[in-house]
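Visitor: I've got the sequence and the model open side by side. Pick one polar corner, go through it slowly, and then place it in the rest of the fold.

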Amino acid sequence: MNCPPKILVFDSGLGGLTVFSEITRLRPNLTYLYCADDAGFPYGSWNEEALIDRVITIISGLIATESPDMVVIACNTASTLVLSHLRRRWPMIPFIGTVPAIKPAAEQSRSHMISVLATPGTVKRDYTQKLITQFAGHCQVTLVGSGNLAGLAERAMHHGEINDAEIISEIMPCFVEINDKRTDSIVLACTHYPLLLKEFHRLAPWPVDWINPAPAIARRVDYLLMQHCQELLTQQSPNKRSAIFTSGKKPDLLLKNLLNDYGLSQASDVTTR
C-alpha cells in the first residue's frame, strides 16, 4: 500500500522546529521525521571538512533506515557546506536547504540598511558574501556573527531559561543608526533564532522587520512535493511525526511537552557521538 510522502527535517538541534512547524502547517497529513544532531551541537565549533563528513554520515544512515522522500536541511551552516554534496550523492532525492534571506530583506528595506544575524561560520562564508553582492548591492549590510545566540535558544527550549541581558548583548550590534537612517530589517540567518522572536521584539531598541526564512522554505517544500511526489500526496494514512536525537539522551518533561506541542513523539535514537 502506498503511503503519504515521508519528510526528513534535519538540524543541529531544535532550531529546525521553526521550519518543521511551517511545513506541517502547509502539509499536516504527511509522515515526518525530525532529526536533531544534539551530539554535534553547536556546528560553529566544527571545522568544515569534519562537519561535512558528519552530516553526510548521519543523513546516509537515515536514508538507509527511513527511506525519506524528501530531506530538508533546516540549518544555514549545514546547508552552505553540505547541500551540494548531498545532492550529488543522492540525485533522486529532493534536498531543500536554508540560506540567509538577504534578498527579501533588501527588497523590503525602506532605509536600505539591513543586518544579517547569523552564526560566525555563516557570516564568514563566501556564500553569504555572494548573496549580498547579488541582491543587496544597494544596501548597507551589517554582518553580525553571534557565537552564543543559538545556544541561548537551545537552552531556552530545554530548560525554559531566558536571560534578557544575554540576548540584548547578542542582538544590539544589528541596530545601526547613521545620521537620520536606521536599520529596519534584520535577517535571522540561523533557524534557532526565530525561537526567540518574542524576546527580540520585546528587547529591540526600535521596531524592525525580523526576516524569518521558515515560511519561504515551507513553500518551497510544498512546491517540490507537487513536482516529485504528487501521486503520493493523494494517499491517506494516520499522521505520524517522530523525533530522533543523535546523543541518545531522553528528553526531560519540559522537552517532551515541547515536542508534543509539535505533534512529535521520540523515535529510536541514532546515536552518533
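**A close look at one polar corner**

Guide: Start with Arg182, which is partly exposed at 37% relative accessible area (buried is under 20%, exposed is over 50% and partly exposed is in between, using a 1.4 Å probe and protein chains only). Before going on, some housekeeping: this is a predicted model, so local features need pLDDT of at least 70 and side-chain atom pairs count only at pLDDT 80 or more, while totals for chains, interfaces and linings use all residues. Numbering runs from 1 along each chain as its sequence is written, and side-chain values use heavy atoms, with hydrogens and water left out.

Back to Arg182. Its side chain meets that of Glu177 in a salt bridge, 3.3 Å from N to O (the term takes a side-chain nitrogen of Lys or Arg within 4 Å of a carboxyl oxygen of Asp or Glu). Glu177 has 46% relative accessibility and is partly exposed too. Then there's a small network: Arg110, Asp184 and Asp209 are joined by salt bridges that share partners.

Now follow the Arg182 backbone to Ser111. The backbone oxygen of Arg182 is 2.6 Å from a polar atom of the Ser111 side chain. That same Ser111 side chain reaches the backbone nitrogen of Met113 at 3.2 Å. (Polar contacts here are pairs of N or O atoms within 3.5 Å; within protein, one must be able to donate a hydrogen and the other to accept it, and residues adjacent in sequence count only if both atoms are side-chain atoms.) Ser111 sits in the loop between α4 (102-108) and β5 (113-118) (helices are DSSP runs of H or I, at least four residues, and strands are runs of E, at least two, numbered from the N terminus). With 15% relative accessibility, Ser111 counts as buried. Setting aside residues up to four places away in sequence, Ser111 touches Lys181, Arg182, Thr183 and Asp184 (contact means heavy atoms within 4.5 Å).

Arg110 is quite another story on accessibility: at 62%, Arg110 is exposed. Its salt bridge partner Asp209 is partly exposed at 28%. The closest N and O atoms of Arg110 and Asp209 are 3.7 Å apart. Arg110 lies in the loop between α4 and β5 and Asp209 in strand β10 (residues 209-211), so the pair ties together parts 99 residues apart in sequence.

Those bridges belong to a set of ten in the whole structure. Another of them joins the side chains of Asp222 and Arg27, at 2.6 Å from N to O. This pair also links distant parts of the chain: Asp222 is in helix α10, Arg27 is in the loop between α1 and β2, and 195 residues separate them. Asp222 is partly exposed at 24%, and Arg27 is partly exposed at 22%.

For the nonpolar side, look at the largest nonpolar core, which has 29 residues; Ile7, Val9, Leu17, Phe20, Ile23, Val72 and Leu264 touch the most other members (a core is a set of buried Ala, Val, Leu, Ile, Met, Phe, Trp, Tyr and Cys residues joined through side-chain atoms within 4.5 Å). Elements giving two or more residues to this core are β1 (6-11), α1 (17-26), β2 (31-36), β3 (70-73), α10 (214-228), β11 (240-245) and α12 (253-261). Helix α10 supplies the largest share, six residues. Leu17 is in contact with Tyr34, Met157, Tyr262 and Leu264, leaving aside neighbours within four places in sequence. Apart from this core lies another, of 25 residues, including Leu8, Phe10, Ala78 and Trp90.

Zooming out, the chain has twelve helices and twelve strands. Its radius of gyration is 18 Å, close to the 19 Å that the globule rule gives for 273 residues, so the chain is as compact as a globular protein of that length (the radius is taken over C-alpha atoms, and the rule is 2.2 Å times the number of residues to the power 0.38). Of the 273 residues, 53% count as buried. Among contacts with a separation of 6 or more, 77% come from residues 24 or more positions apart.
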